[in-house]
Amino acid sequence: MKIYVARHGETDYNSQELGCGVSDIPLNEKGLKQAERLAEVTARYPHIGLMIVSPLARARQTAECILRRCPMELRIDDRLREQDYGVFEGQKKGKEFHAAVREFAKPCPGGESLFHVAQRVYNFLDELIRDQPAGEVLLLTHGAVSRVIRSYFVPMGNEEYMGFLQKKGELAVYEAKR
Amino acid sequence: MKIYIARHGQTNYNAYDRICGATDAPLNQKGFEQAEQLAEEVAKHPGIALTVVSPMLRAQQTADAVLRRCPMERRTDSRLREQDYGCFEGKVKGMEPDFRVARWQFAKPCPGGESIFQMAQRIYNFLDELIQENPAGEVLLVAHGSVSRVVRSYFVPMSNEEYAEFSQKNGTLEIYDTEEGAASR
């Protein structure tokens, strides 16, 4: 089965470089345009029959744009929510933030560690691949989650892991074998 | 809830510096002695009512010694098995500089092996379940070095450096309290 992964469009937190994990910030104007473009890209893949979306507003708004252009089933799954950056949520991203998010087994204070994100996202993917919903699936999610998803399919060294950022407005494609 | 974790006693793979993850090596003489010492240590904690053991022989043999001294309910759970080091299994650690790099990649398994992310998934799932089922109990896990590291990270935030530096010795006991999070001894 094929699994496609996309990220939401831009929010004001993104453009102002503020920590944005579980902060539930809507798309800004640029983000809405990015969502429209993503819908055009998605339309090239008519075999996608199901979209599973993070519950955060920026992801759901992006999904709505896609659904207007591409008819398919929609589900929301909490395990696709973004990593929680704890005390750094809504704060200007500085050295401390960038150092903290490189730790795998240590959350930002008050947040969620990458081990915990890997647990929930790998559990989600195990289930999805086991249940094999008909057709191809699009996951609409976030930056840190798309990195964890990639690592499920492609071995990533620590440097490669931290350097990977999925581009907004593009679909990553992974082939899942049961 | 209190969770005690023991690492199995020594095997010849440990004694002769061989890489031993998925390899099912038995305890050696020293390992059996360490298992007996561990049993004495566990006997000091009479609140422990359940032991959950890795399916691997070295862990089962260690648990045998503990349970002889401290009879209690015993289960085996394959999620407590050691990390699979793939192509490095059985090789001499000191002669494998690539292994020293490969084993600390979190999202990249040793070729043919299991990644730390995959381990975190199965062990965190196991601990979530265990804590839900025994909210007030005291449970002993008999497992392995890399498993013990993941278990510690569940309770204590560990930076990448701290993670690589932490190493539980053969036949010793670590204690975690789900209320406090932090480890005590």
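User: Before looking at chain A, how should I read the word "buried"?

Analyst: A residue is called buried if 20 or more other C-beta atoms lie within 10 Å of its own. In this predicted model, 40% of the 178 residues of chain A count as buried, while in chain B buried residues make up 42% of the 185 residues.

User: Which elements make up chain A, and in what order do they run?

Analyst: A fold can be read by counting its helices and strands and then following them along the chain. Chain A has 7 helices and 5 strands, and from the N terminus on its elements run β-α-α-β-α-β-α-α-β-α-α-β.

User: How many helices and strands are there in chain B?

Analyst: In chain B there are 7 helices and 6 strands, and from the N terminus on the order reads β-α-α-β-α-β-α-α-β-α-α-β-β, so that, with helices and strands taken as DSSP runs numbered from the N terminus, the series for chain B ends in β-β.

User: What does the radius of gyration say about chain A?

Analyst: The value is set against the one expected for a compact globule with that number of residues. For the 178 residues of chain A a compact globule would have a radius of gyration near 16 Å, and because chain A has 16 Å, the two agree. Along the principal axes, the C-alpha trace of chain A spans about 45 × 40 × 25 Å.

User: What is the radius of gyration of chain B?

Analyst: Chain B has 16 Å, which agrees with the value near 16 Å that a compact globule with 185 residues would have. The C-alpha atoms of chain B fill a box of roughly 45 × 35 × 25 Å, taken along the principal axes.

User: How should I read contacts by their separation in sequence?

Analyst: Here one asks what share of the contacts joins residues that are far apart along the chain. Among contacts in chain A between residues at least 6 apart in sequence, 72% join residues at least 24 apart. In chain B, residues 24 or more positions apart account for 72% of the contacts with a separation of 6 or more.

User: How many residues does each chain give to the contact between chain A and chain B?

Analyst: The contact takes 17 residues from chain A and 17 residues from chain B. On the side of chain B that touches chain A, the elements giving two or more residues are helix H5 (116-133) and helix H7 (160-165) of chain B, and H5(B) gives the most, with 6 residues. By class, that side of chain B has 9 nonpolar, 7 polar and 1 charged residues.

Terms used: Residues numbered from 1 in each chain as written. Chains lettered and ligands numbered in written order. Predicted model: local features only at pLDDT ≥ 70, side-chain atom pairs only at ≥ 80, totals over all residues. Helix = DSSP H or I, 4+ residues; strand = E, 2+ residues; numbered from the N terminus. Rg over C-alpha atoms; globule rule 2.2 N^0.38 Å. Buried ≥ 20, exposed ≤ 12 C-beta atoms within 10 Å, placed from the backbone. Contact = placed C-beta atoms within 7 Å. Nonpolar A, V, L, I, M, F, W, Y, C, P; charged D, E, K, R; others polar.
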